[in-house]
Amino acid sequence: MGKVVYEKSKGLTDNPLSYCPGCLHGTIHKLVAESLVELEVLDRAVTVASVGCSVVAYQFFNCDAVQAAHGRAPAVATGIKRVSPDSIVFTYQGDGDLAAIGMAEIVHAAHRGENITVIFVNNGIYGMTGGQMAPTTLITQKTSTSPFGRKEATTGKPLKVSEMIAQIPSAYYIERVSAHTVPHLVKAKKAIKKAFENQIHGKGFSMVEVLSTCSIGWHMTPVESLSHVENSMMPYFPLGVYKDEGEVIS
């Protein structure tokens with residue numbers, strides 16, 4: 001009988017993923033689930049699902065879950081963590097949810113130094129609700145509400161969330177990673193796991209931004225969308241650690 005060298009994470013349910021072909025949500029789910037299992041906190045983890053493509057995340061994470069109103073996941077997570085401080089509470093949010101309607105929530109949660117973990121998936125578009133322009137949509141990028149491409153003169157530049165949140169004094173750990181290649185996935189897993197470790201040790205607010213794809217919303221093939229992350233998103237949204245109170249960043 002052969003030796004098992006790889007198996008699906010126990011942090012995920014047996015429900016088949018419902019995301020679009022080429023979407024990286026499932027891959028990011030895997031990194032989160034593996035981190036919870038390896039840190040032996042799956043049995044006390046609670047995810048707060050946002051509104052957007054990640055609205056169905058509670059079907060896939062094999063832990064307790066709560067559904068929040070659009071943009072309000074950090075507020076709900078705050079309440080759960082305060083009444084159940086031993087729980088490992090994390091939000092899983094897209095850029096439309098976190099960076100638009102939920103901007104006030106994420107800023108104030110970071111400002112209060114809430115001991116929660118935020119997984120922020122940035123694919124530069126509203127994926128589930130019609131492909132509208134998001135705060136992180138790139139200049140010239142076409143969406144259902146910017147059919148001629150986003151124009152800086154009328155909508156401003158794309159919002160750099162990690163850079164902004166890193167300026168908040170009470171934020172503990174902020175890092176931007178990507179999920180479009182295997183080497184980048186290795187780094188993303190390390191960052192996500194560290195964000196959970198910070199919460200376990202009571203360090204405070206941690207957020208990992210993950211650059212991701214939306215093949216359908218971008219009107220690209222899955223392969224083309226991976227190249228788009230590398231060639232278009234990463235130059236504007238540089239990867240790296242933007243704040244880490246546990247280390248000196250040069």
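**Rings, core and pocket**

Counting ring pairs in this structure gives 5 aromatic pairs. Keep in mind as you go that this is a predicted model. A pair of aromatic rings is described by how far apart the centres are and by the angle of the planes. Take Phe 90 and Phe 196: their ring centres are 5.4 Å apart and their planes sit at 85 degrees, so this pair counts as edge-to-face. The cut-off behind that label is an angle over 60 degrees.

Where do these two rings come from in the chain? Phe 90 belongs to strand E3 (residues 88–94) and Phe 196 to helix H7 (residues 182–200), so the pair ties together parts that are 106 residues apart in sequence. As for exposure, Phe 90 is buried, at a relative accessible area of 0%, and Phe 196 is buried with a value of 0% as well. Zoom out a little and you'll find a cluster, in which ring pairs link Phe 61, Phe 90, Tyr 92 and Phe 196.

Now for the core. In soluble globular proteins, nonpolar side chains tend to be buried together. Here, the largest nonpolar core has 36 residues, and Phe 61, Phe 90 and Phe 196 turn up again among those with the most contacts inside it, along with Val 32, Leu 36 and Val 208. Which elements feed this core? Helix H1 (25–38), strand E1 (45–49), E3, strand E4 (117–122), strand E5 (171–178), H7 and strand E6 (205–211) each chip in at least two residues. H7 provides the largest share, 6 residues.

Aromatic rings can have other partners too. If you look at Tyr 236, you'll see the charged end of Lys 160 sitting over its ring, 4.4 Å from the centre.

Next, hop over to Gly 11, in the segment before H1. Gly 11 is buried, with a relative accessible area of 1%. In sequence, Gly 11 and Val 37 are 26 residues apart, yet C-alpha to C-alpha they are 6.1 Å apart in space.

Last stop: the pockets. The largest one has a volume of about 270 Å³. Its lining runs to 23 residues, and Cys 20, Cys 53, Gly 127, Met 128 and Cys 214 are the closest to its centre. What is the make-up of the lining by class? The count is 9 nonpolar, 13 polar and 1 charged residues. Helix H8 (residues 215–218) gives the largest share of this pocket's lining, 3 residues.

Key:
Residues numbered from 1 in each chain as written. Predicted model: local features only at pLDDT ≥ 70, side-chain atom pairs only at ≥ 80, totals over all residues. Heavy atoms only, no water. 1 Å grid on protein atoms, 1.4 Å probe; cavity = no way out; pocket = protein on both sides within 12 Å on 5 of 7 lines; lining within 4 Å. Points joined across faces, edges and corners; volume = space filled by probe spheres on them. Helix = DSSP H or I, 4+ residues; strand = E, 2+ residues; numbered from the N terminus. Nonpolar A, V, L, I, M, F, W, Y, C, P; charged D, E, K, R; others polar. Phe/Tyr/Trp six-rings, centres within 6.5 Å; stacked < 30°, edge-to-face > 60°. Buried < 20%, exposed > 50% of the residue type's maximum accessible area, 1.4 Å probe, protein only. Lys NZ or Arg CZ within 6 Å of the ring centre and 35° of its normal. Core = buried A, V, L, I, M, F, W, Y, C linked by side-chain atoms within 4.5 Å.
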